[in-house]
Amino acid sequence: MGEGPTLTTPRLLALPLTIWNAGYVAEELAPTLAFTAVVARSGGRGGDGVGPYGGIVGTDPHAAAPDPLDPAGSLRRELRRRAGAGRSVLTWVLRLKSGPSAVGLIAADTQGRRAVVGVSIVLGCRHEGYATEAVRAVAGWFEYRGALVETRIRRGDGIGKRLGQATSFVPTPVLIADWWRIWLRPPTD
């Protein structure tokens, strides 16, 4: 897929996360983003301490629980891992165009021509439509490049379901780890 570009929406800039800005972003976002979906490590394969946490933005159903004693450290380690994971793992910091404030993160894990996207918005900025704007922008970029875009939504997550519907995803019958349903954006021809 390559490196992610800077993406824009009417109100947001989605700036690529790099190994150089990961620590700064973690310190900025940890107080308001920690424990909404943040973990120390995603990409695991189950085992002790795993559960329905979903990794940094819900792209990993096998992710372990975050460290409650060090939320900034958990986020910093996860962001640095994502920034250094290679071309198949893309993460963007969501910033308001009207100011320097970060309002969240959006990420995509890719394999071939498939992309799994997920978003986390800081507590004080939810219900403003930022997640919808960001998901549409990232999904549109991947679709332009020929990728099939999917997301994973926890069973019973009404907010995630509404976001999926608002961004043109449809549920599939596929469940992962008994609590994550795969939703796809149907290709448009």
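# Strands, core and salt bridges: a chat

Trainee: Let's start with E3 and E4. In what sense do they pair, and over how many bridges?

Mentor: E3 and E4 run antiparallel to each other, and seven bridges hold the pairing. Keep in mind as we go that this is a predicted model.

Trainee: Got it. Which residue in E4 is the bridge partner of Trp92?

Mentor: That's Ile106.

Trainee: And what joins E3 to E4?

Mentor: A hairpin does, and it goes through five residues.

Trainee: What about the other pairing, E4 with E5?

Mentor: E4 and E5 are antiparallel too, with eight bridges between them. One of the partnerships to look for is Gly104 with Ile121, where Ile121 is the residue in E5.

Trainee: How many residues lie between the strands in the hairpin of E4 and E5?

Mentor: Two residues sit there, and in that hairpin Gly112 has a positive phi near 60°.

Trainee: Is E4 mostly covered or mostly open?

Mentor: Covered: eight of the ten residues in E4 are buried.

Trainee: OK, zooming out. In what order do the strands of the sheet come?

Mentor: There are eight strands in an open sheet, and the order is E1-E2-E3-E4-E5-E6-E8-E7, with mixed pairing. E1 (7–8) and E7 (170–176) are the edge strands; each has a single partner strand, so one side of each has no neighbour in the sheet.

Trainee: How does E1 pair with E2?

Mentor: Antiparallel, over two bridges. In one of the partnerships, Thr8 goes with Leu13 of E2.

Trainee: Switching topic: which residues touch the most other members of the largest nonpolar core?

Mentor: That core has 42 residues, and the ones with the most contacts to other members are Leu29, Leu79, Trp92, Leu94, Leu105, Ile106 and Phe142. Several elements give two or more residues to the core, including helices H1 (22–33), H2 (71–83) and H3 (130–144), and strands E3 (89–96) and E4 (102–111).

Trainee: Which element gives the most to it?

Mentor: H3 does, with eight residues. You'll spot some names from earlier, too: Trp92 and Ile106 are bridge partners, and both are on that list of core residues with the most contacts.

Trainee: Why would nonpolar residues gather like that?

Mentor: In soluble globular proteins, nonpolar side chains tend to be buried together.

Trainee: How many cavities of 30 Å³ or more turn up in a search of the whole structure?

Mentor: One. The space in the largest cavity is about 30 Å³.

Trainee: Which residues line the largest cavity?

Mentor: The lining is Thr9, Leu12, Ala14, Leu94, Ala134, Ala137 and Val138. E2 and H3 are the elements that give two or more residues to this lining, and H3 gives the most, with three.

Trainee: What classes of residue are in that lining?

Mentor: Six nonpolar, one polar and no charged residues. Leu94 shows up in the lining, and Leu94 was also on the list of core residues with the most contacts.

Trainee: Last topic, charges. How many salt bridges does the structure hold?

Mentor: Eight. Take Arg76 and Glu27, whose side chains meet at 2.4 Å, N to O. That pair links distant parts of the chain, with Arg76 in H2 and Glu27 in H1, 49 residues apart.

Trainee: Are those two buried, exposed or partly exposed?

Mentor: Arg76 is partly exposed at 22% relative accessible area, and Glu27 is partly exposed as well at 43%.

Trainee: What does Arg185 form a salt bridge with?

Mentor: With Glu143, and the closest N and O atoms are 2.7 Å apart. Those two are 42 residues apart in the chain: Arg185 is in the segment after E8 (180–184), while Glu143 is in H3.

Trainee: Why does Arg185 count as buried?

Mentor: Because its relative accessibility is 13%, and buried means under 20%. Glu143, at 27%, counts as partly exposed.

Trainee: And how do Arg152 and Glu150 meet?

Mentor: Their side chains form a salt bridge at 3.7 Å, N to O. Both ends are buried: Arg152 has 19% relative accessible area, and Glu150 has 3%. There's a network here too, since salt bridges with shared partners join Arg114, Glu150 and Arg152.

How values were computed
Residues are numbered from 1 along each chain as its sequence is written. This is a predicted model: local features need pLDDT of at least 70, side-chain atom pairs count only at pLDDT 80 or more; totals for chains, interfaces and linings use all residues. Side-chain values use heavy atoms; hydrogens and water are left out. A nonpolar core is a set of buried Ala, Val, Leu, Ile, Met, Phe, Trp, Tyr and Cys residues joined through side-chain atoms within 4.5 Å. Buried means under 20% relative accessible area, exposed over 50%, partly exposed in between (1.4 Å probe, protein chains only). Helices (H or I, at least four residues) and strands (E, at least two) are DSSP runs, numbered from the N terminus. Two strands pair if DSSP finds at least two bridges between them. On a 1 Å grid over the protein atoms alone, a cavity is a set of points where a 1.4 Å probe fits but cannot get out, and a pocket is an open set with protein on both sides within 12 Å along at least five of seven lines; lining residues have an atom within 4 Å of a point. Grid points are joined across faces, edges and corners, and a volume is the space filled by probe spheres set on the points. Ala, Val, Leu, Ile, Met, Phe, Trp, Tyr, Cys and Pro count as nonpolar, Asp, Glu, Lys and Arg as charged, and the others, Gly among them, as polar. A salt bridge is a side-chain nitrogen of Lys or Arg within 4 Å of a carboxyl oxygen of Asp or Glu.
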